[in-house]
Amino acid sequence: MNPVFADLPTSVFEVMSRLARETGAINLGQGFPDDPGPADIRARGAEALRDGFNQYPPMMGLPALRRAIAAHYAHHQGLILDPETEVMVTSGATEALAGALLALIEPGDEVVLFEPLYDAYLPLVRRAGGVPRIVTLRPPAFRLDAEALAEAFSARTRVVLLNNPLNPSATLFGAEDLALLAGFCQRFDAVAVCDEVWEHVVFDGRHHQSLIALPGMRERTVKIGSAGKIFSLTGWKVGFVMAEARLMRGLAKAHQYLTFTTPPNLQEAVAYGLAREDAYFTGMRRDFARARDRLAAGLGALGVTVLPSQATYFLNIDIADLGWGDDVAFCEALVRRHGVAAIPVSAFYAASPVRNLVRLCFAKADATLDTALERMSVLA
Ligand code: PMP
Ligand code: GLN
C-alpha cells in the first residue's frame, strides 16, 4: 500500500453522514441540498438514458456539452474558450483535481495550498509526489497576504491550488487577493489550479471572479467547475476543466487513464441545463441566501456567534464560548445527543488547526432547518 493512502482516516463527510444515518440525526454536515434538483434537467437525463445515450461518449466529453460549457462561461464570466481544445468533461471536480495534480506535478515539486483545505487536496498532492507548502488562512476574513505568500513560494513551486469560493469558510477571494496571487504565479512560473465549483453559489450581489481571467493567467491556469453545484445535483459527478490547449493536452492524458469518460446521459442533461436563463442562477442564489438567513437568524436568537457566509451551502459558527469543548467534541455531542450532524472545521486544517469553528449546511427545506434549530436550542 502506498504510505500516503495507507493511514488516511475516512473522510469527515462520509463519517458524519454515516453517523447521521445511524442516529437518525438531521444531516447539516456533508454539503448537499435536500431538494431533488431541477425537474427538467433530471427529466432530460432520464430521457437521454432511455433514448440511447449509453455507450462511450468521446473522451473529452460530448461535443454538445463542451460547446455549452464554452457558451456558459462566455456569458457568465466573459471567458473565451475553444470548446475543441480548451474544455474537457470529467467525472466530477474530484476527477479533474486528481488528474490536474497527477499531470502537473513531478515528484519533489512544491505545491502551495491554503488551509482550510478541501479534504481531497493534501492526499492527492502528496500521492502525486508534490511537497505541500501550506499557507494558513485565519477567520473571520480568510484573506491572502503578501508576507505569507512570499514565505510559501520558491523557485521549486510548480503548482498553486486555490479554492474560490472557499469551502468551508464560505468566503470569496476578491480582486485584490487574486491580483496578489497572480503576481506570485507569474514571478515563480507556477500553474494555478482553481477549484471553482462554488462559482455560482455566491450571495448578496457578489460576483465570482476567475483567476484565469486576470492578465497573464490565461496560459497558466486550470479552471475546474462542477455541474453538481451549478444545478444542485451533487451526486451526478459531471465536472469541467478549462485550460489553454498546451496544458489541456497533459490534463487529457490523466483523464484518459483515470475515467476516460463520464456517463453520456448526464452529459446530455448538463448541456441542456447550462443554457438556462440568468433567472435560474439568480433564483438559486436567492433561495440559498434565504435558507442561510433563516439558519443564521435562528442561531443568532440562541446567542450563537455566526460568521458571515458570502458563498457556498455553508455557514460557520464559533463554538468557543459554548462550553462543549473543541469542534470535534462539539460535533460528536451534537449528533449523538441532540440529533444534528455538522462538520468540525479542524478537519480542513493540517498545519495549524483552528478548533473553534463548526460548519453547518443550510441547503435544506425550511422545516428541516427549523427542526435542527429546535434541537440546537440546547446551545442557548
Ligand atoms: N471541490 C470542492 C471545494 C468541493 O466543495 C467539492 C464538493 N462539493 C468538490 C470539489 C467535489 O466536486 P464533485 O462532486 O464535482 O467531484
Ligand atoms: N463537498 C461536500 C462538502 O464539502 C462533500 C463532498 C464529499 O462528500 N466528498 O460537504
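Domain bounds in this text come from an automatic or database domain assignment. The structure is a predicted model.

**Exercise 1. The two domains**

Determine how the chain is divided and which elements supply the side of domain 1 that touches domain 2.

*Solution.*

Step 1. Begin with the division of the chain: domain 1 comprises 3–37 + 279–379, and domain 2 comprises 39–274. Their C-alpha centres are 24 Å apart.

Step 2. Turn to the contact between them. Two residues count as in contact if their C-beta atoms, placed from the backbone, lie within 7 Å. By this criterion, 37 residues of domain 1 are in contact with 32 residues of domain 2.

Step 3. Assign the side of domain 1 that touches domain 2 to its elements. At least two residues each are supplied by helix H1 (3–6), helix H12 (278–301), strand S10 (314–318) and strand S13 (357–361). H12 provides the largest share, six residues.

Step 4. Classify the residues on this side of domain 1: 26 are nonpolar, seven are polar and four are charged.

Step 5. Set the record beside the division. UniProt, in an unreviewed entry, lists residues 25–375 for "domain: Aminotransferase class I/classII large". In the model, the end C-alpha atoms of this span lie 10 Å apart, and the span is 40% helix and 16% strand.

**Exercise 2. The sheet of seven strands**

Establish the strand order of the seven-strand sheet, and explain why one side of each edge strand is left without a neighbour.

*Solution.*

Step 1. Write down the order. The open sheet runs S2-S8-S7-S6-S5-S3-S4, and its pairing is mixed.

Step 2. Consider the edges. Strand S2 (87–90) and strand S4 (131–136) each have a single partner strand, so one side of each lacks a neighbour in the sheet. From one strand to the next, the twist averages 20°.

Step 3. Examine the pairing at S2. This strand pairs with strand S8 (residues 239–242) in the antiparallel sense, over four bridges. Within that pairing, Met 88 has Val 241 of S8 as its bridge partner.

Step 4. Add the helix. Helix H4 (residues 63–77) packs on the sheet and touches S2 and S8, with a direction at about 115° to that of S2.

**Exercise 3. The sheet of four strands**

Describe the four-strand sheet and the helix that packs on it.

*Solution.*

Step 1. The order in this open sheet is S9-S10-S13-S12, and the pairing is antiparallel. Strand S9 (305–306) and strand S12 (343–344) are the edge strands, each pairing on one side only.

Step 2. S9 and S10 are joined in the antiparallel sense over two bridges. Here Thr 305 stands opposite Asp 318 in S10.

Step 3. H12 packs on the sheet, touching S9, S10 and S13, and its direction makes about 15° with that of S10. H12 also gives the largest share of the side of domain 1 that touches domain 2.

**Exercise 4. The ligand shells**

Identify the residues around ligand 1 and ligand 2, and state the composition of each shell.

*Solution.*

Step 1. Ligand 1 is surrounded by 14 residues, of which Gly 92, Ala 93, Thr 94, Asn 167 and Ser 226 are the closest. Helix H5 (residues 92–104) contributes the largest share of this shell, three residues.

Step 2. The shell around ligand 1 divides into three nonpolar, nine polar and two charged residues.

Step 3. Around ligand 2 are Ser 11, Phe 13, Gln 30, Gly 31 and Asn 167. Its shell has one nonpolar residue, four polar and no charged.

Step 4. Compare the two lists: Asn 167 is named for ligand 1 and again for ligand 2.

**Exercise 5. Backbone features in loops**

Locate the cis peptide bonds at Pro 116 and Pro 165, and the positive phi of Phe 142.

*Solution.*

Step 1. Glu 115 and Pro 116 are joined by a cis peptide bond with omega of about 15°. Pro 116 lies in the loop between strand S3 (110–115) and helix H6 (121–127).

Step 2. A cis peptide bond also joins Asn 164 and Pro 165, with omega of about -10°. The loop that holds Pro 165 is between strand S5 (157–163) and helix H8 (175–187).

Step 3. Phe 142 is not a glycine, yet its phi is positive, about 55°. This residue is in the loop between S4 and helix H7 (146–152).

Key. Residues are numbered from 1 along each chain as its sequence is written. Chains are lettered from A and ligands numbered from 1 in the order in which they are written. This is a predicted model: local features need pLDDT of at least 70, side-chain atom pairs count only at pLDDT 80 or more; totals for chains, interfaces and linings use all residues. Ala, Val, Leu, Ile, Met, Phe, Trp, Tyr, Cys and Pro count as nonpolar, Asp, Glu, Lys and Arg as charged, and the others, Gly among them, as polar. A residue is near a molecule or strand if its C-beta atom, placed from the backbone, lies within 6 Å of it. Two strands pair if DSSP finds at least two bridges between them. Axes are lines fitted to C-alpha atoms, for helices over the stretch in contact, and angles run from 0 to 180 degrees between N-to-C directions. UniProt positions are given in the numbering used here, feature names are shortened, and annotations may be inferred rather than shown by experiment.
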